[in-house]
Amino acid sequence: MQVEAATLQVVLITGMSGSGKSVALHALEDTGFFCVDNLPPELLLPFVTLERQHKASRVAIAMDARNASALPLLPSQLTLLKEQGIAVKSLFLDATTETLVRRYSETRRRHPLSQSESDQSIVEQRHALVEAIELERELLTTLREQAHIIDTNIIRPSQLQAYVKSLISVAGKQLTLVFESFAFKRGVPSDADYVFDVRMLPNPHYEPELRHLTGQDAAVASFLRQQADVMQMIDHIHKFLQHWLEVLARDHRSYVTVAIGCTGGQHRSVYLVEQLTQLFSQEWITLKRHRELQDQPTSAGPAIF
């Protein structure tokens with residue numbers, strides 16, 4: 001007897017080469033997914049049909065630009081799978097060209113779209129690598145637009161694994177809301193759907209007894225709760241999102257990432273993320289991330305192939 005299509009969960013992992021797709025795939029394998037790396041797009045539908053016949057419940061598939069000629073098939077195939085009642089989640093791992101170039105330089109690996117580098121100088125090799133990365137970015141544009149984007153610019157493999165696991169653990173038909181605190185001095189997260197700048201709010205950093213603490217600590221929370229501008233900012237963001245989340249849900253969005261940024265990503269943005277998570281978790285599936293509170297690599301981007 002064949003298992004109903006609705007019992008099968010398919011996670012498609014795509015993204016830039018060097019952005020961490022293998023790490024994400026291993027994270028899902030650890031949670032019990034049957035994982036396949038570099039599956040040709042032409043085989044997606046036959047593969048899913050076979051897994052349904054085998055009564056599989058969770059399948060994760062990684063694809064990249066090595067199958068560039070067949071990538072245009074994917075959007076229509078994913079639509080077909082959803083129409084069959086299969087729960088499909090698409091994750092797109094991304095990083096800046098600068099970060100990807102650094103990772104390839106550190107690992108000495110060759111980009112899948114690069115030409116032979118044997119007779120090239122270092123400068124020529126770098127130029128060719130940048131061209132390959134930009135070509136890949138262009139080829140993957142449509143898939144990126146239809147997926148939940150994960151910014152891996154400043155993230156360790158263990159952090160990426162934990163985030164992927166948390167995203168998939170709440171997978172369902174309801175929209176998932178992700179709040180993320182960050183520091184503007186380290187760059188705006190590229191996976192953010194909305195970005196709110198809270199650098200104009202009173203800064204606990206200038207209070208000596210609060211400087212070493214974070215927005216998760218009671219003393220900092222107490223200080224910020226007493227600031228009228230802080231409470232007004234929370235109220236404004238809350239009302240804005242309350243209205244537009246309903247619209248986004250009707251548009252069948254799976255994930256919405258809201259990034260809250262301050263100067264150091266330690267006090268104000270962290271506090272607002274904590275408060276907003278509490279407010280919205282009563283109505284929506286809600287996750288939170290504090291980018292700058294996690295251990296970070298010394299370089300701008302680790303090699304997380």
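The secondary structure of this protein, which we have as a predicted model, comes to ten helices and nine strands. The radius of gyration is 21 Å, close to the 19 Å that the globule rule gives for 305 residues, so the protein is as compact as a globular protein of that length. Along the principal axes, the C-alpha atoms fill a box of roughly 60 × 60 × 30 Å.

Two further totals describe the chain as a whole. Of the 305 residues, 50% count as buried. If one takes contacts between residues at least 6 apart in sequence, 81% of them join residues at least 24 apart. As for the surface, the protein exposes about 14700 Å², and carbon and sulfur atoms supply 50% of that area.

Let me turn to one sheet. Four strands form an open sheet in the order β7-β8-β6-β9, and the pairing is parallel. Which strands lie at the edges? They are β7, residues 194–197, and β9, residues 285–290, each of which pairs on one side only. From one strand to the next, the twist averages 20°. Within this sheet, β7 and β8, the latter spanning residues 255–262, run parallel and are joined by four bridges. In that pairing, Asp 197 stands opposite Gly 261 of β8. Helix α7, residues 157–169, packs on the sheet and touches β6 (176–183), β8 and β9. The direction of α7 makes about 170° with that of β9.

I now come to two helices and their buried residues, beginning with α8, residues 218–225. Which residues of α8 are buried? They are Val 220, Ala 221, Phe 223 and Leu 224. These residues cover an arc of only 160° around the axis, and therefore lie on the same side of α8. Among the elements that cover them are α9 (228–250) and α10 (268–280).

The second helix is α3, residues 74–83, where Leu 74, Pro 75, Gln 77, Leu 78 and Leu 81 are buried. Why do they fall on the same side of α3? The reason is that they cover an arc of only 165° around the helix axis. What covers the buried residues of α3 includes two strands, β1 (9–15) and β4 (87–94), together with the helices α2 (44–53) and α6 (141–145). Just after α3, Gly 85 takes a positive phi of about 90°.

Terms used:
Residues numbered from 1 in each chain as written. Predicted model: local features only at pLDDT ≥ 70, side-chain atom pairs only at ≥ 80, totals over all residues. Heavy atoms only, no water. Pairing = 2+ DSSP bridges. Axes fitted to C-alpha atoms, helices over the stretch in contact; angles between N-to-C directions. Contact = heavy atoms within 4.5 Å. Buried < 20%, exposed > 50% of the residue type's maximum accessible area, 1.4 Å probe, protein only. Arc of directions from axis to C-beta. Rg over C-alpha atoms; globule rule 2.2 N^0.38 Å. Areas by Shrake-Rupley, 256 points an atom, 1.4 Å probe, with all protein chains shown as cover.
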